[in-house]
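Hi,

Here's the model we talked about handing over. Have a look at it first, and my notes on what turned up are underneath.

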Amino acid sequence: MSVRRLSSVLAGLLLIGSVPLASAGPTTVRWPRVPTACQETSRGGVPASFGSPVAMDMGGHADVTSVAVGELDGRPVAVSAGVERTIRVWDRATLKPIGDPIPGNGPVAYGSVNGRSVILGQGHRSLRMWDATTHRLIGGPFPTGRIVSVAFGEFDGRPIAATAGMDGAHVFDLATGREVGPPIIGVSGFSAVALTRVGGVLVVLTGATDIVTVWNPVSGKPVGEPLVLEDEFVQTIRTIRTTVIGGRPVALIPTPDLGVISWDLITRQATPHAMKGTFDASSLARLNGRTVFVSAEHIDGAATDTRGSRLTSAIAVIDPATGERLSSFEVPGHVTALTAGDLDGRPMIVTGGRDNAVRAYDLATGRELAPPAAGGPNGFVYALGADLYGRRVLVAWGADDDGTLGVWDLGSGKPLGAPAKLPGRITSFTVGTYRGRVVLVAGIGVGDPSIRMFDIAARTPIGEPLVGYDDFASGVAITEVDRRVLVVGAGDGFAGPVVVPPGAVRVWDVASGTRLHDLTVRKGPAGQLALIRLAGRLVAVTFSADRARLWDVGTGKRMASFRIAKSEHSAPVEIARFDCTTVALVATGRTVELYDLATGEQIERPLLGHSKQVGNIASGRVGGVPIAVTYSLQDKSMRVWDLTTSRQVGTLERPSGLLGSLSIDYLGGRAVLVGGGDEALWTWDLGPIA
């Protein structure tokens, strides 16, 4: 089971209280059994509508999309934006944060307006401007539509900004808020913008697919012939840098296949491959008295993570006048944003990337100048609730973070302390208590398969690893039974692409590290795991692609199994309690089927309403009513169901990003839906519990 399919594992874990441990022997609960006659009735306590999702503060960026540098009260600073839609200011010497995050989006630029330092960014499909000291908005929005590039400049002694996007290009007088000239309209919008002077006259350069155009900002009309790229492949222009070479204004244009094109803005002569290579984020810098082109270079065959992001990036330093490579150095992560500046008289660069970090380097030596300003988790975030520090918290990890664990206050949405590193990639996890401590139990895979336990408050390991899986544990749970703390794990047991050994459910005594039971699944992996109470016993339930299996944990024997509706995909499973029984909610395509785990019988009351594959399920109680929340990426909907009737009672607003997991927690007498997204956590207030 891949990490990206673990949402249902996490949602399906049900921690239970103390249950007497059965003595060893052949006696097991006979199953199926007669169901208990009980029918809950809805009191109509579910709210008619729900609020919008609220994004939690993940402690930093979720992918850095844009960076800029400048001075703030004589102090060198860096500004960055991320896909989580915040703009942050950093001390460039230490990369320590300055002030609170700004609710805005990139691209960002930094400059001065009326004697004060300002940050330009994007908000609500418009260009916005913030005071760099107070982080407060200055003036109203500059209407632009969605922008992908911004440039800071000066016109007739006044500060201006140029933007580019699908709605065209715009130039604004930042002091007055007025637009300079009419909007510049392209056939299909623009993907890059730059400001420069040609013959002392200010011009705007825009880039689009296979074309770069020079415009008069006052008239909004083109100046001279554009640069049209004729090549076998499409050349999307995302960056335009301008400089002076041999006393003449030149535009440097990185392309996917033609290297960096050098375009003389007076003669309009273009030189493809003036700098050879494939370049991503780039900037111009001063090094040893000359202007140099600095860029993250795309290297074929570079190692990548599971999301396709490069593990390292090569930074190339090139003389644009000669094309000579002056130096290069390697930096961590997949660099997506880069800008240049100076620090204490030395040239330096600031980078941002898909590893969520902002970094600073000495351009001459390639040495990293300060510890990186690290962001939130990488990949889809999975979270479970716990009580810690006298408050309700979420313990979460990022699927691509190789074991990074974080803790967030559920009430404030703020992180509590720095993330902690676990020794390996997490494949499944749960939280519980052990000897008065709140603990994390995690299945660790990739190279050292085991189950490990950690003190969440102290961020330290507890005991020795529990070993016994060839690959990794696809589900884990912890419970106290007869004054003993047990850990239960389900293993998929994949040994390779062809041979699939039987999966297993294993039970350990935590104090001694002894493995008590080894429950083999004869065909295929064990699948997803949950613990339930059934007839006074502790029962482990596993869900493979088409079968549910019940195991008596006390005796180590299988009780029974039954078929479940097979889905084209790995079916998400959630455990709910209503109608005096325990029910498995199994997503089978666009339908969620219900199974009574006390009898193995399918409840003829499925959840019907989605038009496409259901990807996640959560269950809980709102207004005294047992409910389920389902999410489908394909049909772009989140639905709320009354489980006593299987009727849809509402919908939820989806977040801007994707969701990989759902769970319901409780805070201050209210139900809170928690969604783990791509490098994000979202919450919804569902209303009072009773």
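W215 is buried, because its relative accessibility is just 9% and the cut-off is under 20%. This is a predicted model, by the way. F190 counts as buried too, at 6% relative accessibility. These two rings form an edge-to-face aromatic pair, with 6.1 Å from centre to centre and 70° between the planes. The partners come from distant parts of the chain, 25 residues apart: F190 sits in the loop between β11 (168-173) and β12 (192-198), while W215 belongs to strand β14 (residues 211-215).

I get 7 aromatic pairs in total. Another of them joins Y382 and W397, where the ring centres are 5.1 Å apart and the planes meet at 35°, so this pair is tilted. Here too the pair links distant parts of the chain, with Y382 in strand β27 and W397 in strand β28 (residues 391-398), 15 residues apart. Both Y382 and W397 are buried. Add F429 and you have a cluster of three, linked by ring pairs.

Now for the empty space. There are 2 cavities of 30 Å³ or more, and the largest holds about 50 Å³. Its lining is made up of 10 residues, with A383, S661, L662, S663 and V674 nearest the centre. Strands β27 (381-388), β51 (659-667) and β52 (670-677) each contribute at least two lining residues. What is the make-up of that lining, by nonpolar, polar and charged residues? It comes to 6 nonpolar and 4 polar, with no charged ones.

Cheers

Definitions and conventions:
Residues numbered from 1 in each chain as written. Predicted model: local features only at pLDDT ≥ 70, side-chain atom pairs only at ≥ 80, totals over all residues. Heavy atoms only, no water. 1 Å grid on protein atoms, 1.4 Å probe; cavity = no way out; pocket = protein on both sides within 12 Å on 5 of 7 lines; lining within 4 Å. Points joined across faces, edges and corners; volume = space filled by probe spheres on them. Helix = DSSP H or I, 4+ residues; strand = E, 2+ residues; numbered from the N terminus. Nonpolar A, V, L, I, M, F, W, Y, C, P; charged D, E, K, R; others polar. Phe/Tyr/Trp six-rings, centres within 6.5 Å; stacked < 30°, edge-to-face > 60°. Buried < 20%, exposed > 50% of the residue type's maximum accessible area, 1.4 Å probe, protein only.
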